[in-house]
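Student: I'd like to zoom in on one part of this protein and really get to know it. Could you walk me through a sheet, strand by strand, and then show me what else is packed around the place?

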Amino acid sequence: MPLLRIEDDGFRLDGDPFRIISGGLHYFRVHPDLWRDRLHKARLMGLNTVETYVPWNLHQPRPHEFRMDAGLDLPRFLDLAAAEGLHVLLRPGPYICAEWEGGGLPSWLLTSPSMRLRSRDPRFLAAVEDYFGRLLPPLHDRLATRGGPVLAVQVENEYGAYADDTAYMEHLAGALHRHGIDVPLFTCDQPTDLERGALPGVLATANFGSRSSEHLATLRTARPSGPLLCTEFWIGWFDRWGGNHVVRAPEQASQELDELLATGASVNFYMFHGGTNFGFMNGANDKHTYRPTITSYDYDAPLDEAGDPTEKFAAFRKVIAKYAPVPSEPPPPRAAKFSLEAVALTESIALLDTAPALGDAIVAHRPLTMEELGQNYGFVLYEAELSDAGPSLLEVEQVRDRAQVFLDGQPVGVLERESHEHALTFTTPRRGAVLALLVENQGRVNYGQGIHDRKGLLGHVLLNGSPLHGWTSRPIPLTAIEDLPFGTGSGTPTGPAFHRGTFAVDRTADTFLHLDGWTKGSVWINGFALGRYWSRGPQRSLYVPGPVLRTGLNEVVVLELHAPGREHTVAFRDAPDLGPVED
């Protein structure tokens, strides 16, 4: 692969003028069996480069555990990009934002209450050093200096929007060099944050989605010479639970792209293909109100969540062809989908009944946070015995993020962080009644100072004005559900419960799972965690990658936190429902 040079008059690739025309494609949001397909379609749209973040929290789920296999096989993804003739912009963090859980930072960093993320806190820097030492050496052969596809590597991510500490950024740049990165480095920031996030001697780039000439002029003022690159050209947006599905008209987005390319600048679309926040990996925002991001990361991108070309694909391809060669091969049509109505979920078991099989309870005088329990995602079940009967006022200082409250197994209410709820009244029927709070981590905040987002019950818990002591805290991470004891319960459970059914297919293909009438929960197909659903919307279906299915018998498990759908059925359909549209 050729080498990228940063010259006063622009990029050069092996001495020739070069314009980066790139698109975001996050390997961790796409089933690995589909990487080749998505990369091929990137080239067909006219891209010469793809960009990807690297999620530290998935690669290093524990301090002494590092993964780079299966869906995290980054070397394989880079090799596939090279085989397609694509260059790569690599963005390894440590912080990535990306509407991803905790901005990609591992939750175990928050075990210490005094830890300061994205800073020169020695504990944070030591963890970053260890992470880079594990991540980067296997990628050396994929650097352009060694014949690989990686043209350049980003330092941190939009740091100017978070803080102003050049020494921190210099430390990270030094760490990248120490661990063998010898291709050009770059930073990216929104135009108003360029000076705070930039580094002397390192290429500064800007993120924006409109007013290209104006923002590029701001970048040129900050950097009088060198290439102009928009690292995140926002051509769509993400959705939050309770909002609408945000879209951006292809005509307007392609007009903005035309304006940008007409200046001679380079570009990376954010996103070319958004993909999916599978499992529990969605992030959240908290600008005085907590707002979790939905499972779908469709992003109204040129490739939709299932990897099919959209109107935006054709519109962008037409614009790119004005400025760069575009392959003559036409883009493929929409792939065939799998459909099956009314799949019955015939087996059920209550979550509270099976909790002892899902995690071991820890006894303490106060509720323990998820991080103190050594847990990354999922739920925590807190229980305490009440000493008095009668009217009761429960007050929780901080609920992170949603607590379903039970008394002797019966639901008495819900406390939501998003709604700023902290108190609940109920009648305790007897002395010794068991109070239980099932707390869901709905996604750690991924932007701003709120990234120090510990989960569970935080602070004081009061009952009738007095501290409530004597708690058990039971982690329920739901990292594996294969051993759920279905068939051991009696009747149809009320409240949080797992429901299981089977269905047969004679061919595998992508599909969309619709949960009409169901309320809130998570879904697994053949043990693969699809993600969360919520009747609050906007998203009302879940994308099922074809490789998750198998010819013959398949299993679907739904964790419903409230009320299951009519007749306990779900449906597989050939089209998604991402909800009402907001332009």
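Tutor: Here is a close look at one sheet, followed by a tour of the cores, a buried strand and some helix pairs. Keep in mind that this is a predicted model.

Let's start with the sheet itself. It is open, has six strands, and the order across it is 17-26-18-23-20-21, with antiparallel pairing. Two strands sit at the edges, strand 17 (362-364) and strand 21 (410-416), and each of them pairs on one side only. If you step from one strand to the next, the twist averages 20°. As general background, strands of a sheet pair through backbone hydrogen bonds, either parallel or antiparallel.

Now pick out strand 26, residues 471-476. What does strand 26 pair with? One partner is strand 18 (residues 379-385), which runs antiparallel to strand 26 and is joined to it by six bridges. You can find individual pairs here: Leu381 is opposite Arg474, and Glu383 is opposite Thr472. The other partner I'd point you to is the edge strand 17, which pairs with strand 26 in the antiparallel sense over three bridges. On that side, look for Ala364, whose bridge partner in strand 26 is Trp471. Strand 26 is also mostly covered, with five of its six residues buried.

There's a helix lying on this sheet, too. Helix 10 (residues 351-358) packs on it and touches strand 18, strand 20 (402-407), strand 23 (434-440) and strand 26. Compare directions and you'll get about 80° between helix 10 and strand 26.

Next, the nonpolar cores. In soluble globular proteins, nonpolar side chains tend to be buried together. The largest nonpolar core here has 134 residues, and Phe124, Phe269 and Phe498 are the ones that touch the most other members. Helix 4 (residues 122-135) gives the most to this core, with seven residues. There is also a second, separate core of 26 residues, and its members include Ala403, Leu407, Ala433 and Leu463.

Phe269 deserves a stop of its own. Setting aside residues up to four places away in sequence, Phe269 touches Ser22, Gly23, Gly24, Met45, Leu47, Phe233, Ile235, Leu257, Phe316 and Ile320. Now find strand 12, which covers residues 266-273. All eight of the eight residues in strand 12 are buried, so this strand is largely enclosed by the rest of the structure. Strand 12 pairs in the parallel sense with strand 4 (residues 21-25) over four bridges, and Ser22 has Asn268 in strand 12 as its bridge partner. Strand 10 (residues 229-234) pairs with strand 12 in the parallel sense as well, over four bridges. For that pairing, look for Cys230, which stands opposite Val267.

On to the helix pairs. Helix 8 (residues 250-262) and helix 9 (residues 311-320) pack at an angle of about 25°, with their axes 9 Å apart. That angle makes helix 8 roughly parallel to helix 9, and their crossing is right-handed. On the helix 8 side, the meeting residues are Pro250, Ala253, Ser254, Leu257, Asp258 and Leu261, and on the helix 9 side they are Glu311, Lys312, Ala315, Phe316, Val319 and Ile320.

Helix 4 has a packing partner as well: helix 5 (residues 166-178) lies against it at an angle of about 25°, with the axes 10 Å apart. So helix 4 is roughly parallel to helix 5, and this crossing is right-handed. From helix 4 the contact uses Phe124, Leu125, Val128, Glu129 and Phe132, while helix 5 brings in Tyr168, His171, Leu172, Ala175, Leu176 and Arg178.

Follow the chain on from helix 5 and you reach His179, in the loop between helix 5 and strand 8 (185-189). Is His179 buried or exposed? Its relative accessibility is 17%, and the cut-off for buried is under 20%, so His179 counts as buried. Leaving aside neighbours within four places in sequence, His179 is in contact with Glu129, Phe132, Gly133, Leu136 and His140.

One last pair: helix 1 (residues 35-44) and helix 3 (residues 74-83) pack at about 35°, with their axes 9 Å apart. Helix 1 passes helix 3 in a right-handed crossing. Here Trp35, Arg36 and Leu39 in helix 1 meet Arg76, Phe77, Leu80 and Ala81 in helix 3.

Definitions and conventions:
Residues numbered from 1 in each chain as written. Predicted model: local features only at pLDDT ≥ 70, side-chain atom pairs only at ≥ 80, totals over all residues. Heavy atoms only, no water. Pairing = 2+ DSSP bridges. Axes fitted to C-alpha atoms, helices over the stretch in contact; angles between N-to-C directions. Contact = heavy atoms within 4.5 Å. Core = buried A, V, L, I, M, F, W, Y, C linked by side-chain atoms within 4.5 Å. Buried < 20%, exposed > 50% of the residue type's maximum accessible area, 1.4 Å probe, protein only. Parallel < 35°, antiparallel > 145°, perpendicular 65-115°, else oblique. Left-handed = near helix turned anticlockwise from the far one by under 90°.
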